Structures are given as C-alpha cells and as structure tokens.
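Colleague: I'm new to reading models like this one. Could you pick a single part, take a close look at it, and then tell me how the rest fits around it?

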Amino acid sequence: MADLNLQAVHDEMVAVAYEAGRMILAANPADLDTGTKLNSVDIVTEADQAVEKMVSTRLSTSFPSVSFMGEETYKPGVRLGPEPTFVVDPIDGTTNFVHSFPNACISLGLAVDRRPAIGVIYNPWQDVLFTAISGQGAYMTRLRGSAPQKLPLARAPRPLQGLGTSLVAVEWGSGRDGPNFELKTDVFKRLAASRETGGAMVHSLRSLGSAALNLAAVAAGQGRRLLGRRAGGIMVSGNPGTWEPELESRVYMAVRGAPSGQKELVEEFWGVIGKRSMDYSV
C-alpha cells in the first residue's frame, strides 16, 4: 500500500461516486431492461451494468495497478486476493431502485491485504455521502460541497444498554427458503418478541433495503447495529463466536461506537441465535 496515495484514491472514488449518482438519477427504472440472478428478488438492471462499467473504466484508468471486483461482473468462486482491489456494488438496493423507492446507493471500497482501506457510499436521492479512510475516521457529507461531519454524529455517544433499547437494522436478502431463511426469520421474531415470551423486545427492526446504507446509518449513530469501525464501532460475525470475521465471510454484525456495552450487546445477540449459524459457503 506504500505506493498508493490513499487520499488521492479516496478523492477519485468520491468523484466516481458522484458521477455514478448522476447516472442513477438520470435512469428511469420503468424504461430499463430488468433481469434476475438467483431468483425473482435478486434483480439486476441495465443501470447496474452501465454504472459498473463507468466505475471500472474510470478507476482502472486512474489506478491501473489496482485490481477490480464488481457485483455485476463477479465470477462465482473468485476470491479477493492480498493485492489492492477495488470492490464495487454499482447500485446497492436495486429492488428499491426498480420500485422508485429513493433509498439506494453506490458502494465503493478499496481492500488491501484483504482488509478495508477506503470506503465510499453515496445515496444520490438524498445527496448524502459517507466516506472513510483507514486510520483517519469516517465522515458524512449531507449535501455536495458542504463541510463533512465526523462520525458518529453524536458528540457524546450514549452507552449501549442491551438489545432491549436498540434499534436494529436487518435485511431479508434474496434467499427465501431453506435452513438459512428459517433461521433468519426465527431470529427476527425473537429479536422483536416480548421478553415475557423469551424475546429481546428491541425497540424495532429497520430494513432500508441496502446493506451499505444500513451500515452507514449505524456508523452515523442512527442505529445500534451494522457498521462503523472507523466511527468507533465494531464489526463481528453474525454467527456466534467469531470476533474478527474475514472480509468475505458475508455474515456480519456491526455495533455503533459507544463508551461501553459493545461486547455485552454482541454476546446478547449471539445468545438469541444460540448454537445455530448461517451458512453462506456456496
């Protein structure tokens, strides 16, 4: 990573994200060819493919020594290597996009040695940009050209007091049958159920339709769980027992920055799951 100027890479990724946002806003979902991958809720559009092509072209031109891994051009079985690699989801929240629900984003990352070095998330409908550089904190820019705000937004984040006082971000995903789906729906039910029936009785569950925006919301301190390492949060496995998940483990739990209570919240959540675990090995 010594030969990469992370600030320069970050600045170009931000410029690319804004250009992608312009393309996304200009697209009319009703006029686009829409296809599916895994099933009818795993959607891809012409806009996804066009944005990824633009991102790949610009980043590869600016940084030809950096590899590229995109959501729409990914080949099953390909693993992220130690070399610097851009990791891109051109439209995270495609289902929201095709329904004209204004809660989707472009998600850009740079991984080095299989660890995140830079992250950029941009929701063009709300004109909200989230950025982070390893070791330099995380920031949110509400409107293009305005001053970035350091995350979390709260000047003095409150201690975490357990799942019972938490707002939890979850996603349904595209798998709608089988043991993973059964486990997921059971965990959602146990998180929401009253304590009298053995549940955690969280304040509520939120599903933004974009995993990246869920993570950004937690980094900002707008929720209790789902990303923010650069904002003082922690990222662990959604499956019990793994405090340092691999970058491609696919089953994550993130907890917002707080002066105390992070470890206890994770262990309480793992207790809801029990000895079961999600399997994304295929």
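Modeller: Let's start with helix α5 and what it packs against. The buried residues of α5 pack against β4, β5, β6, β7, β10 and β13 (252-255). Packing here goes by contact, meaning heavy atoms within 4.5 Å. Helices (H or I, at least four residues) and strands (E, at least two) are DSSP runs, numbered from the N terminus. Buried means under 20% relative accessible area, exposed means over 50%, and partly exposed is in between (1.4 Å probe, protein chains only).

Before going on, a word on where this comes from: it is a predicted model, so local features need pLDDT of at least 70 and side-chain atom pairs count only at pLDDT 80 or more, while totals for chains, interfaces and linings use all residues. Residues are numbered from 1 along each chain as its sequence is written, and side-chain values use heavy atoms, with hydrogens and water left out.

Back to the helix. α5 covers residues 211-219, and 7 of its 9 residues are buried, so the rest of the structure largely encloses it. The buried ones are Ala212, Leu213, Asn214, Ala216, Ala217, Val218 and Ala219. After α5 comes Gly221, which has a positive phi, near 85°.

Now look at some of those partner strands. β4 (85-92) holds Pro90, which counts as buried because its relative accessibility is 0%. Setting aside residues up to four places away in sequence, Pro90 touches Ile24, Asp48, Val51, Glu52, Glu71, Glu72, Cys105 and Ile106. Glu71 sits 19 residues from Pro90 along the chain, and their C-alpha atoms are separated by 7.2 Å.

β4 also feeds into a bigger picture, the nonpolar core. That's a set of buried Ala, Val, Leu, Ile, Met, Phe, Trp, Tyr and Cys residues joined through side-chain atoms within 4.5 Å. The largest one has 34 residues, and Met13, Val55, Leu108 and Leu110 have the most contacts inside it. At least two of its residues come from each of α1, α2 (46-62), β4, β5 (105-112), β6 (115-123) and β7 (128-133). α1 gives the largest share, 9 residues. There's also a second, separate core of 22 residues, and Leu163, Met253, Val255 and Leu265 are among them.

Leu108 is a good one to click on in the first core. Not counting residues up to four places away in sequence, Leu108 touches Met13, Val16, Ala17, Val55, Val87, Val88, Ile118, Gly119 and Val120.

Next, try His10 in helix α1 (residues 6-26). With 12% relative accessibility, His10 counts as buried. Leaving out residues up to four places away in sequence, His10 touches Ile118, Thr131 and Ile133. His10 and Ile133 are 123 residues apart in sequence, yet 7.4 Å apart in space, C-alpha to C-alpha.

What about the loop between β5 and β6? Asp113 is found there, and so is Arg114. Most residues other than glycine have a negative phi, and most peptide bonds are trans. Asp113, though, has a positive phi near 55°, and Arg114 has a positive phi near 65°. Asp113 is exposed, at 54% relative accessibility, while Arg114 is partly exposed, at 23%.

For a cis peptide bond, go to Leu151 and Pro152: the bond from one to the other has omega near 0°. Pro152 lies in the loop between β9 (149-150) and β10 (167-169).

One more strand residue: Thr141 in β8 (residues 138-141). Thr141 counts as buried at 9% relative accessibility. Apart from its neighbours within four places in sequence, Thr141 is in contact with Tyr18, Asp127, Val128, Leu129, Ser146 and Pro148.

Finally, zoom out. The protein has 6 helices and 13 strands. Its radius of gyration is 19 Å, close to the 19 Å the globule rule gives for 282 residues, so the protein is as compact as a globular protein of that length. That radius is taken over C-alpha atoms, and the rule is 2.2 Å times the number of residues to the power 0.38. The C-alpha trace spans about 55 × 40 × 35 Å along its principal axes. Of the 282 residues, 46% count as buried. And among contacts between residues at least 6 apart in sequence, 58% join residues at least 24 apart.
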